[in-house]
Amino acid sequence: MSPFEDSFIRTNHEQDILIRIRTVANRHSEGARHADEKNELNSALISDLLAEGYHTYSVPNEYGGNPISLPLFLMCQEQIAMVDGPAALAIGWHHITMFNLAFHRHWNESVFQSLCNDVIKKQALINAADSESATGSPSRGGKPQTKVRRDSHGYILSGRKTFTSLSTALSYFIVSATDEDTGEVSEYLIHKDIPGVFIEPTWNMAGMRGTASHDLVLKEVLLPEDALVFHRPSRPTGIPNVYLLNIPAVYLGIAQAARNEAVRFAASYQPNSLTHPILELPHIQQKLGQIELELTTARHLLYSVAERVERLGPTPAKDRLQQIAPDLGAAKVVAIQTALSVVDIAMRIAGVHSLSMNSPLQRYYRDVRFGLHNPPMDDVVLGQLAKRFIAEHSSRGEA
């Protein structure tokens, strides 16, 4: 068996998959730059990933999918993000949504099977549309202002959703809405071609421009009875979606791209005051050593948590998932802190050149800032870690 290029790869099969995904991604570095400049999705990269079958990795095996392990999924996301972080984050939401639906199996199995068939045969992509401008982050528990009411034929839904990543490539949306009569919050499956469904191009941010996270507008959308996915409980269950680890993987991928660009620059830049490239300077090597230390620490935390999830099995007990939730959050917080630091150090290596619009470093700098605003939020994670420690401390009679 040949040595693996990444210490977290476990088998030749995993390495083959990772190489295929990296090969696809590497064809689209220019497309990533173009997508950022034009504020649009890197559609060619998404299309090539679909042709490779990447979208099927989150479809259950019994419905024709090609499921892969959580650690391998995260490694694939890192590879895509090293070329195009926004595209990786965007398609990652498809996987997060599909993994979540496959895990919970909330609604009619035949409807879920039909959705899986569309993903497999029609290359359909899906994302959850939950955020709204008035409610803030869904993780904070805001109640949707999107409204739904019963109709003799099913449901009628109206509202507006923000931050709908991958919007221009999606076939399906899982939309949260509040029942006008009962006040109950539920989620509904909506196809893009249903009358009353529109994408309004509102996304115009400083970073993550290529996610195409436009507004989803819903005007008196008529839905059949089987569009209801599930009723949300009145209180959060505390059961995390473990595939949200996609988020730290993406930002660590961007950080590695920044590291690589810093090394490329340092190996090629030689001011006339030196007889060699700046890569040979001790203080530059110290900075690269600091980058490697931080990336190694963050990646080991991420993949150790992912391996813990894997050891829980395909249908882990809910209480075990609740127990591991603070660790999932910790991996995200550390990854974002690391990505911010690594990009900053990389820019210090390149100096003022890093601020040129011709340098990818300025794009990485803008993109990694968005990790601070992806779930789970820092204060929530710190609260979870503190409460878990207090509970364990008290149970040992040390309080």
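At 33% relative accessibility, E200 counts as partly exposed, a class that lies between buried (under 20% relative accessible area) and exposed (over 50%), as assessed with a 1.4 Å probe on protein chains only. The structure is a predicted model, in which local features need pLDDT of at least 70 and side-chain atom pairs count only at pLDDT 80 or more, whereas totals for chains, interfaces and linings use all residues. Residues are numbered from 1 along each chain as its sequence is written, and side-chain values use heavy atoms, with hydrogens and water left out.

The side chain of E200 meets that of R160 in a salt bridge of 3.0 Å, N to O, the term being used for a side-chain nitrogen of Lys or Arg within 4 Å of a carboxyl oxygen of Asp or Glu. This pair links distant parts of the chain, since E200 belongs to strand β6 (residues 197-200) and R160 to strand β3, 40 residues apart. R160 likewise counts as partly exposed, at 35% relative accessibility. Helices (H or I, at least four residues) and strands (E, at least two) are DSSP runs, numbered from the N terminus.

Strand β3 (residues 154-164) also holds K161, whose side chain forms a salt bridge with that of E132 at 2.7 Å, N to O. E132 lies in the loop between β1 (126-129) and β2 (147-151), 29 residues from K161, and the pair links distant parts of the chain. Both E132 and K161 are buried. Over the whole structure, a search finds 24 salt bridges, and a network of such bridges links R10, E14 and E307.

A further salt bridge joins D36 and R366, with the closest N and O atoms 2.8 Å apart. Here D36 in helix α2 is linked to R366 in helix α10, 330 residues away along the chain. D36 is buried, with a relative accessible area of 10%, and R366 is also buried, at 18%. D367, likewise placed in helix α10, is buried yet has no salt bridge, the nearest side chain of opposite charge being that of R366, 5.1 Å away; in this account Lys and Arg count as positive and Asp and Glu as negative, while His and the chain ends are not counted. The side chain of D367 does, however, reach the backbone nitrogen of M208 at 2.6 Å.

D36 and D367 are both among the residues that line the largest cavity, together with A32, A35, D84, P86, G210 and R363. On a 1 Å grid over the protein atoms alone, a cavity is a set of points where a 1.4 Å probe fits but cannot get out, whereas a pocket is an open set with protein on both sides within 12 Å along at least five of seven lines, and lining residues have an atom within 4 Å of a point. The structure holds two cavities of 30 Å³ or more, and about 40 Å³ of space lies in the largest, a volume being the space filled by probe spheres set on the grid points, which are joined across faces, edges and corners. The elements that give two or more residues to the lining of the largest cavity are α2 and α10, and α2 provides the largest share, three residues. By class, this lining has three nonpolar, one polar and four charged residues, where Ala, Val, Leu, Ile, Met, Phe, Trp, Tyr, Cys and Pro count as nonpolar, Asp, Glu, Lys and Arg as charged, and the others, Gly among them, as polar.

The second largest cavity contains about 30 Å³ of space and is lined by D6, L18, M75, E78, Q79, Q256 and R299. Helix α4 (residues 70-81) contributes the largest share of that lining, with three residues, and the lining comprises two nonpolar, two polar and three charged residues.

Among the open spaces, the second largest pocket has a volume of about 650 Å³. Of the 34 residues that line this pocket, M82, V83, A257, N260 and Y364 are the closest to its centre. Two or more lining residues come from each of α1 (12-26), α2 (29-38), α7 (246-268), α8 (282-311) and α10 (360-368), and α7 gives the most, with six residues. The residues of the pocket lining divide into nine nonpolar, 11 polar and 14 charged.

Helix α7 is also the location of E261, which is buried with a relative accessible area of 13%. E261 and P144 are 117 residues apart in sequence and 42 Å apart in space, C-alpha to C-alpha.

Definitions and conventions: Polar contact = N/O pair within 3.5 Å; in protein donor to acceptor, adjacent residues only side chain to side chain.
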